[in-house]
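Biologist: I have a model open and would like to learn how to read it. Could you take me through it feature by feature?

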Amino acid sequence: MENSISRKIGQFMEAGSWIRRMFEQGAELKARYGAENVFDFSIGNPMGEPPDNFINALKTAVSDPTPGLHGYMPNAGYPHVRKILAEHLSGDHGVSLTADHLIMTVGAAGALNVALKALVNAGESVLIFAPYFVEYRFYADNVNANAIIVETDQTFNLDIDAIENVLEPGVKALIINTPNNPTGRVYSESTLTRLAELLDAKSEAFGHPIYLLSDEPYKRIVYDGIHVPSLLQIYKRALICTSYSKELSIPGERLGYIAVNPDCPGAKTMINALTFCNRILGFVNAPALMQRALGLAIDAHVDIAQYQNNRDIFLKHLRRMGYEVSTPEGAFYLFVRSPIEDDVAFVAHLAKEKILAVPGQGFGRSGFFRLSYCVTSETIENAMPGFERVIRSILS
Ligand SMILES: Cc1ncc(COP(=O)(O)O)c(C=O)c1O
């Protein structure tokens, strides 16, 4: 008898398959025309190698002959690494964190799943903001929560009135992502302060806390001197759920953390719950070697000059051709308005020019498409004639 997968997972695989479909289409085009002739802007794999000081730290960590370094550890992660990280983050966030406010996780994805598992009861709701990182919907489902999708405004900013309209007693948590994938938007301090005031008022009115999970893996990838405000200074029930995937160019190594606001009521119990969930979700602990390397190179981060250069080249050319796109303040994506309403059809036009993009539909916002600029600047330059032919053929 044939094996049978769960009906729900079958449906989810279909719904969440845009990036995979683009990946498959890309592989097919590359096999047919050669990889150098395909312009793949579909994947958000960070460009470049990890910084030298992190690689050196890894070499030191792996060469350490101390016995027991490859064994189990506390589920929250190495105490000495959490202490180093706590000191570093205290400076960054301007709050006093200790090792006891942190747990090391398997990437930002692990962090979000652990936080939802620890905080959200089955049947409660989680607010997600469109356009969104598609996995959030599945993460909410992992804890049998309802995902409530809230549209951001025309500039992809949080729409506080829209949030107020959907906040009801069943809402337990919100997931925000700043700098944002796919839009590049960084939420301002005043927007976040308004959100915090609203959540404080609603927590009070509903008689239960509403938690804010801030997904921030792109925090170090920001442009033009933009500052990403610290949620830990703004909202006491904030948890930073993030990773080193992008800022150290190590997404395959799976290292992240959760930082709980020291002022969060019940922080100690929460940390215990997060640690327990890290264990029972099967992560057990974040990768040992990566934690030890991080402890040796806490200041390491990638150089963002190439991302900034790519962003600027892309923006200049696309705007000259008549594409409508707002300037991303961070991350490494452009979210471009589709010149025709049907973003899926438009992306198919681009594919005929061997240009791969992801339709906005894949992020819950039709009428746009996403371009990742984790590529060489030559790839961007070489793709421009194709972008131009497509828009000309549509506008003419
Ligand atoms: C917005 C956002 N959140 C979370 C993740 C997952 O990060 P990680 O690989 O650290 O689990 C990604 C990865 O692309 C992302 O773009």
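Modeller: Start with pairing: two strands pair if DSSP finds at least two bridges between them. This is a predicted model. One bridge to look at joins Pro-359 to its partner in β13, Phe-369. The strands concerned, β12 (residues 358-359) and β13, run antiparallel and are joined by two bridges.

Biologist: Which strand is joined to β13 by five bridges?

Modeller: That is β10 (residues 333-337), and these two strands also run antiparallel. Within this pairing, Tyr-333 has Ser-372 of β13 as its bridge partner.

Biologist: How many residues of β13 are buried?

Modeller: A residue is buried if 20 or more other C-beta atoms lie within 10 Å of its own. In β13 (residues 368-372), five of the five residues are buried. Both faces of the strand are covered. Phe-368, Arg-370 and Ser-372 are on one side, with Phe-369 and Leu-371 on the other.

Biologist: Is Phe-314 buried or exposed?

Modeller: Phe-314 counts as buried, because it has 25 C-beta neighbours inside 10 Å. This residue lies in helix α12 (residues 305-321). Leaving aside residues up to four places away in sequence, Phe-314 touches Leu-334, Leu-371, Tyr-373 and Ile-380.

Biologist: What does the count give for Phe-12?

Modeller: Phe-12 has 15 other C-beta atoms within 10 Å, so it is partly exposed. Its place is in helix α1 (residues 7-15).

Biologist: How far apart in space are Phe-12 and Phe-138?

Modeller: Separation in sequence and separation in space have to be read as two numbers. Phe-12 and Phe-138 are 126 residues apart in sequence and 7.7 Å apart in space, C-alpha to C-alpha. For Phe-314 and Glu-189, the sequence separation is 125 residues and the C-alpha atoms are 28 Å apart.

Biologist: Now the sheet. What is the order of the seven strands?

Modeller: The order across the open sheet is β2-β8-β7-β6-β5-β3-β4, and the pairing is mixed. The edges are β2 (102-105) and β4 (146-151), each with a single partner strand, so one side of each is left without a neighbour in the sheet. From one strand to the next, the twist averages 20°.

Biologist: In which sense do β3 and β5 pair?

Modeller: β3 (residues 125-130) and β5 (residues 171-177) pair in the parallel sense, over four bridges. One residue pair to find there is Leu-127 with its bridge partner in β5, Leu-174.

Biologist: Which helix lies across β2 and β8?

Modeller: Helix α4 (residues 79-93) lies across β2 and β8 (256-260), and runs at about 115° to β2.

Biologist: How is the length of a helix checked?

Modeller: An α-helix has 3.6 residues a turn, so residues three or four places apart point the same way. For the length, use the rise: at 1.5 Å a residue, the 16 residues of helix α2 (residues 18-33) should span 22 Å. The end C-alpha atoms of α2 are 22 Å apart, which agrees. After α2 comes Gly-34, with a positive phi near 90°.

Biologist: Last, the ligand. Which residues come nearest?

Modeller: There are 13 residues around the ligand, and Gly-107, Ala-108, Ala-109, Ser-243 and Ser-245 come nearest. Helix α5 (residues 107-119) gives the largest share of the shell, three residues. By type, the shell has five nonpolar residues, seven polar and one charged.

Conventions. Residues numbered from 1 in each chain as written. Predicted model: local features only at pLDDT ≥ 70, side-chain atom pairs only at ≥ 80, totals over all residues. Expected span 1.5 Å × (residues − 1). Axes fitted to C-alpha atoms, helices over the stretch in contact; angles between N-to-C directions. Contact = placed C-beta atoms within 7 Å. Near = placed C-beta within 6 Å. Nonpolar A, V, L, I, M, F, W, Y, C, P; charged D, E, K, R; others polar. Buried ≥ 20, exposed ≤ 12 C-beta atoms within 10 Å, placed from the backbone.
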